[in-house]
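Work through the exercises below with the model open beside you. Try each task before reading its solution.

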Amino acid sequence: MAIEIKAPTFPESVQDGTVATWHKQPGQQVSRDELIVEIETDKVVLEVVAPADGVLADVAKQEGDTVLSNEVLAFVNEGGEAAPAPAAASDSTASTAPAGTNVEIKTPTFPESVQDGTIAAWHKNTGDAVSRDELIVEIETDKVVLEVVAPENGVMGDIIKNVGDTVLSNEVIAHVVEGASAAPAAATPAVSADTPANDDAVASPSARKLAAEKGLDLSTIKGTGKGGLITKDDVTNASAAPVAAAAPPTSASTPKAPTAPSVAPIAATGDRIEKRVPMTRLRKRIAERLLEATSTTAMLTTFNEVNMEPVMELRKKYKDQFEKTHNGTRLGFMGFFVKAAVEALKKFPSVNASIDGDDVVYHGYQDIGVAVSTEKGLVVPVLRNAENMGLADVESGIRDFGMRARDGKLAIDEMTGGTFTITNGGVFGSLLSTPILNPPQTAILGMHKIQERPMAVNGQVVIQPIMYLALSYDHRMVDGKEAVQFLVAIKDLLEDPARILLEI
């Protein structure tokens, strides 16, 4: 049985450590409580000992590697069994790769702005056949979800990092046994129709970890994976079933129920169900950014209204011809707002500036961020050099961003930078709001729902389509006079769209 060797629990003041010295090598015999590895932190050197008698197996962290609290460093095969990686003739590897070569699967190189990531989902389990460039695992950072593919054809080997684990840039998270072929026949006879075989032979690492956390016996769980492999979902379903059977009125979706007996009587009414789920990295990062904006800027919002009838009439008149001329690109409202913002930013450069410490940075270009809502949270891809883009280029770029954002395909560099942001709450029915700044930018424009209202025009009451506009700005950089004039400039451009084309 493979037992994990983990880094100690670091105190709150210590974020990470470095592997200093390995005192044992893979394949060597170890004894319980024998010194295995030393980890050096910025305050002290910590000693990690063997959790049981056996043989040191795969080493996940090499000397000089950075490790986090409770991170898996290596494995010990309990009972003196040979390590699976070096012993090619042992039974522990015969079922997957009798003559294969272990190839490391590493996390991508994160950009400087991303410190670490979290394993979001494994698409392959240990023992599954994999093809070169096939999606293996997804890693979620605070900006984007990264996909990691198989480096070679073969069979999925050891999975070092499980779902929810934190990983660093270029960290080894699993292995692929190159050139091997999956052999489900060895695992299939060991699994009967009702009861699976022993947990070590047929359970994935993530399933074993979850079963240990929930105190479940893997021998009572039927595997649904390839060759009868017990997956993490099988363990999750098995943990939910006993709760529902033993206490039907209690919700199995309440994670606290197993450890908090007092929850059961409360949930017995059937209408007070609770569900606790961890916040995603993207959502946590969004929260941090919003708090940062509200606590470090002198944010103020000014409002105005714009008559959308001229833009709506122009769009209605030319939308079919526009779509045919520009290869299916549709003419929307956002293109007019981006172009109007570009012209207004040229007139008021302080709204297009940013604050860097005690310096003000004036940008001679207009990189417009367009907020896009996804299931995981709000992202802001950037239209670079929007001043050089036509309406068709803007509309095409926004449509492409929207589709790829919902599929999680946006690159990190597409969401960094930007000198000004536009957000459209009107698509969800918002009538009025105060958008929050996107630091280090000094302003953000909020669009809202188009609502027909009675307006006084030349002494007559006329029903017109009106939209409220909101401009939030950093009062440290932008004065109220400039903010109001900037918003009026956008209003004037939209109410007379010809001025956008004429740049007046």
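**Exercise 1: Strand 6 and its partners**

Strand 6 and strand 8 (residues 72-78) run antiparallel and are joined by four bridges. This is a predicted model: local features need pLDDT of at least 70, side-chain atom pairs count only at pLDDT 80 or more, and totals for chains, interfaces and linings use all residues. Residues are numbered from 1 along each chain as its sequence is written, and side-chain values use heavy atoms, with hydrogens and water left out.

Task: find which residues are the bridge partners of Gly54 in strand 8 and of Val30 in strand 6.

Solution.
- Fix the terms. Strands are DSSP runs of E with at least two residues, and helices are runs of H or I with at least four, numbered from the N terminus. Two strands pair if DSSP finds at least two bridges between them.
- Start with strand 8. Gly54 has Glu78 as its bridge partner there.
- Turn to strand 3 (residues 29-30). Two bridges join strand 3 to strand 6, again antiparallel. Val30 has Gly54 as its bridge partner in strand 6.
- Check burial (under 20% relative accessible area is buried, over 50% exposed, partly exposed in between; 1.4 Å probe, protein chains only). In strand 6 (residues 54-59), six of six residues are buried.

**Exercise 2: An open sheet**

Task: in the sheet ordered 13-12-10-15, explain why strand 13 and strand 15 each have one side without a neighbour.

Solution.
- Read the order. The four strands form an open sheet with antiparallel pairing.
- Look at the edges. Strand 13 (145-149) and strand 15 (166-167) stand there with a single partner strand each, so one side of each has no neighbour in the sheet.
- Locate the partner of strand 13. Strand 12 (residues 135-140) is joined to strand 13 by five bridges. Val137 stands opposite Val148 in strand 13.

**Exercise 3: Helix 10**

Task: state how the span of helix 10 relates to the expected value, and what its buried residues pack against.

Solution.
- Take the length. Helix 10 (residues 391-406) has 16 residues.
- Compare spans. The expected span is 1.5 Å times one less than the number of residues. Helix 10 reaches 23 Å from first to last C-alpha, close to the expected 22 Å.
- List the core side. Its buried residues include Val394, Ile398 and Phe401.
- Find the neighbours by contact (heavy atoms within 4.5 Å). The buried residues of helix 10 pack against several elements, among them helix 8 (309-325) and helix 9 (334-347).
- Step past the end. Gly408, just after helix 10, takes a positive phi of about 70°.
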